[in-house]
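Reader: I have the model open beside the sequence and would like to go through it with you. Could you take my questions as they come?

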Amino acid sequence: MSDKIFIFDTTLRDGEQVPGCQLNTVEKIEVAKMLERLGVDVIEAGFPVSSPGDFNSVVEISKAVTYPTICALTRAVEKDIEVAAEALKFAKHKRIHTGIGTSDSHIKYKFNSTREEIIERAVKAVKYARRFVDDVEFYAEDAGRTDNEYLARVVEAVVKAGATVVNIPDTTGYCLPEEYGAKIKYLIDHVDMHNAILSTHCHNDLGMATANTVAGLMNGARQCEVTINGIGERAGNTALEEVAMILKCHNVGLHTDLNTTSIYPASRMVSSLMNMPVQANKAVVGRNAFAHSSGIHQDGVLKDISTYEIMNPHDVGLDDNSIVLTARSGHAALKHRLSVLGVQVDGERLDKIYEQFLKLADRKKEIHDDDLLMLAGADMTLNNHIKLDFLQVTAGVGVKPVASIGLTIAGEKFEAASSGNGPVDAAIKALKQIIRRQMTLKEFTIQSINKGSDDVGKVHMQVEHDGHLYYGFGANTDIVAASVEAYIDCINKME
Ligand code: KIV
Ligand code: ZN
């Protein structure tokens, strides 16, 4: 019998902190339900004191999810802990994740404090959190650069104060795998853990997050903190799918309770909702992860798949058939494909997505998974304050681009027209005649989803208004329309 590794998913907290990856509550619930199907043990749902939106998401995820423990992040501050406890009140299984920086650099520059005082604050926070919940995780921020002897004293103190899990984050992604593994071993050998376990939490600044996590697990940690697709601050966190498949492929005496066949749908859903493309050569979930292109490899794979393939694509939920839908596909095919991708839709919502699907299928011969996820995501924006009714653009060589636009704002109709130095400029200028707000466009990227001239273009925008940055997203076969949708998305987020 191998040891169980608890999977703590922080896609909705550390992952969601990434600029441009913010989700609304409905989207977060979709991801949380997907994580539940995937079989994660803990979902870190947010940092409730940080904003009313985060607070609300923790409340709603707590209501929507049954089996995983719902975890809320706090600083070692009483107010944070009280707010987290309040946000978790509907969770069937709840955990507060509190902590403080323990490296000399954090103690000196962040807290202007001393090692002894930090231990006192850590113990106080854990004891306070235990007043509200039985399951308290403590994080020693920047543990990767914290001296092991002192770290052991911190861990001993918080376990004695009631921590059930102690998180050893390599916050800056600095450690070498041997070093991180040795750190975990040192703690296991020198601390009386009672029934508490150690957790890994590795960042990928030097590309070693997964290696460090596996080293931590092989040296005694029994929980790992991960995100789907490895998204997270800077270079990201440890990728869930990588740890899951390493433990499945290698017989190292460790196992998870993950349903690995949900890995691919989860990856696509997170990538699509967070507008964060997965690099083609990404381990396990990249487009090329199972594509054998060189002649020698293809020859070997045709003779026997094991020559070049160490895992079965079906084990991560990749089914090689039926990824293409067309205008002749019916409701049932659409519903089935969306459910393979982790989106459960029925009734009126399915009808609305199907309507959009047919419109897209008229413009595009084949509809791929990303298109479907885009449609399912776009459907969630139907209740927005500002809606685009129509957009007409005249552009070409030797003519001045002109755009006319129609919007519905809180039920009222508006129209305007403008010229510009290009079709996007003309459309945005027309829009600005209706929405007269001081906004500066900071970032504007256009990307195609698949390939081909009939592809859907995805537009990401960053707009500054009143000292705040807003991220918007649009997707359309017409890139001018996608740009306007992204701009409107930014404005809707200001509302
Ligand atoms: O990287 C880190 O140290 C964190 C903690 C807040 C757990 O994300
Ligand atoms: Zn982190």
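Reader: Is Thr10 buried or exposed?
Author: In this predicted model, Thr10 counts as buried, because its relative accessibility is 0% and the cut-off for buried is under 20%. Thr10 sits in the loop between strand 2 (6-9) and helix 1.

Reader: What does the side chain of Thr10 make a polar contact with?
Author: The partner is the side chain of Glu44, at 2.7 Å. Leaving aside neighbours within four places in sequence, Thr10 is also in contact with Gly15, His201, Val226, Thr227 and Asn237, in addition to Glu44 itself.

Reader: His201 caught my eye there; which residues surround ligand 1?
Author: The surrounding residues are Arg13, Asp14, His97, Tyr139, Glu141, Asn167, Pro169, Thr171, His201 and His203. By class, this shell has two nonpolar, five polar and three charged residues.

Reader: And which helices or strands each supply at least two residues of that shell?
Author: Helix 1 (11-15) does so, and strand 6 (136-141) and strand 7 (165-170) each do as well.

Reader: Which N or O distances to the oxygen atoms of ligand 1 do you have for Thr171, His201 and His203?
Author: For Thr171, an N or O atom of the side chain is 2.7 Å from an oxygen atom of ligand 1. For His201, the side chain has an N or O atom 3.1 Å from an oxygen atom of the ligand, and for His203, a polar side-chain atom lies 3.0 Å from a ligand oxygen.

Reader: How much of ligand 1 does the protein bury?
Author: Taken alone, ligand 1 exposes 260 Å², and the protein buries 92% of that.

Reader: Changing topic to the largest nonpolar core: which residues touch the most other members?
Author: Those are Phe138, Val155 and Ile168, in a core of 111 residues. Helix 7 (residues 148-161) gives the largest share of this core, namely nine residues. As a general background point, nonpolar side chains tend to be buried together in soluble globular proteins.

Reader: What is Val155 in contact with, beyond its neighbours in sequence?
Author: Once neighbours within four places in sequence are left aside, Val155 is in contact with Val166, Ile168, Leu187, Val191, Met193 and Leu198. Apart from this core lies another one, of 27 residues, which has Ile405, Ala416, Val459 and Ala486 among its members.

Reader: Now a charged one: is Glu241 buried or exposed?
Author: Glu241 is buried, since its relative accessible area is 1%, and it lies in helix 10 (residues 240-249). The side chain of Glu241 makes a polar contact of 2.9 Å with the side chain of Lys282. Its contacts beyond four places in sequence include Thr227, Ile228, Ile263 and Val285, as well as Lys282.

Reader: I'd like to check backbone angles too; what is the phi of Arg234?
Author: Phi of Arg234 is near 50 degrees, which is a positive value in a residue other than glycine. Arg234 is in the loop between strand 9 (223-226) and helix 10, and it counts as exposed because its relative accessibility is 53%, with the cut-off for exposed at over 50%.

Reader: Which side chain does a polar contact join to that of Arg234?
Author: It is the side chain of Asp205, at 2.6 Å. Asp205 lies in the loop between strand 8 (197-202) and helix 9 (209-218), and at 30% relative accessibility it counts as partly exposed. Not counting residues up to four places away in sequence, Asp205 touches Thr172, Gly173 and Ala235 besides Arg234. The C-alpha atoms of Asp205 and Glu233 are separated by 9.3 Å, with the two residues 28 apart along the chain.

Reader: What about the phi of Asn275?
Author: Asn275 also has a positive phi, of about 55 degrees, although it is not a glycine. This residue lies in the loop between helix 11 (263-273) and helix 12 (295-303), and Asn275 counts as buried because its relative accessibility is 14%.

Reader: Last one: where is Val83, and what does it touch?
Author: Val83 is in helix 4 (residues 78-87) and counts as buried at 16% relative accessibility. Not counting residues up to four places away in sequence, Val83 touches Pro48, Val49 and Phe55. Its C-alpha atom is separated by 38 Å from that of Thr445, a residue 362 places apart from it along the chain.

Conventions
Residues are numbered from 1 along each chain as its sequence is written. Chains are lettered from A and ligands numbered from 1 in the order in which they are written. This is a predicted model: local features need pLDDT of at least 70, side-chain atom pairs count only at pLDDT 80 or more; totals for chains, interfaces and linings use all residues. Side-chain values use heavy atoms; hydrogens and water are left out. A residue is near a molecule or strand if one of its heavy atoms lies within 4 Å of it. A polar contact is a pair of N or O atoms within 3.5 Å; within protein, one must be able to donate a hydrogen and the other to accept it, and residues adjacent in sequence count only if both atoms are side-chain atoms. Accessible areas come from the Shrake-Rupley method with a 1.4 Å probe; for residues, only the protein chains shown count as cover. Helices (H or I, at least four residues) and strands (E, at least two) are DSSP runs, numbered from the N terminus. Ala, Val, Leu, Ile, Met, Phe, Trp, Tyr, Cys and Pro count as nonpolar, Asp, Glu, Lys and Arg as charged, and the others, Gly among them, as polar. A nonpolar core is a set of buried Ala, Val, Leu, Ile, Met, Phe, Trp, Tyr and Cys residues joined through side-chain atoms within 4.5 Å. Buried means under 20% relative accessible area, exposed over 50%, partly exposed in between (1.4 Å probe, protein chains only). Contact means heavy atoms within 4.5 Å.
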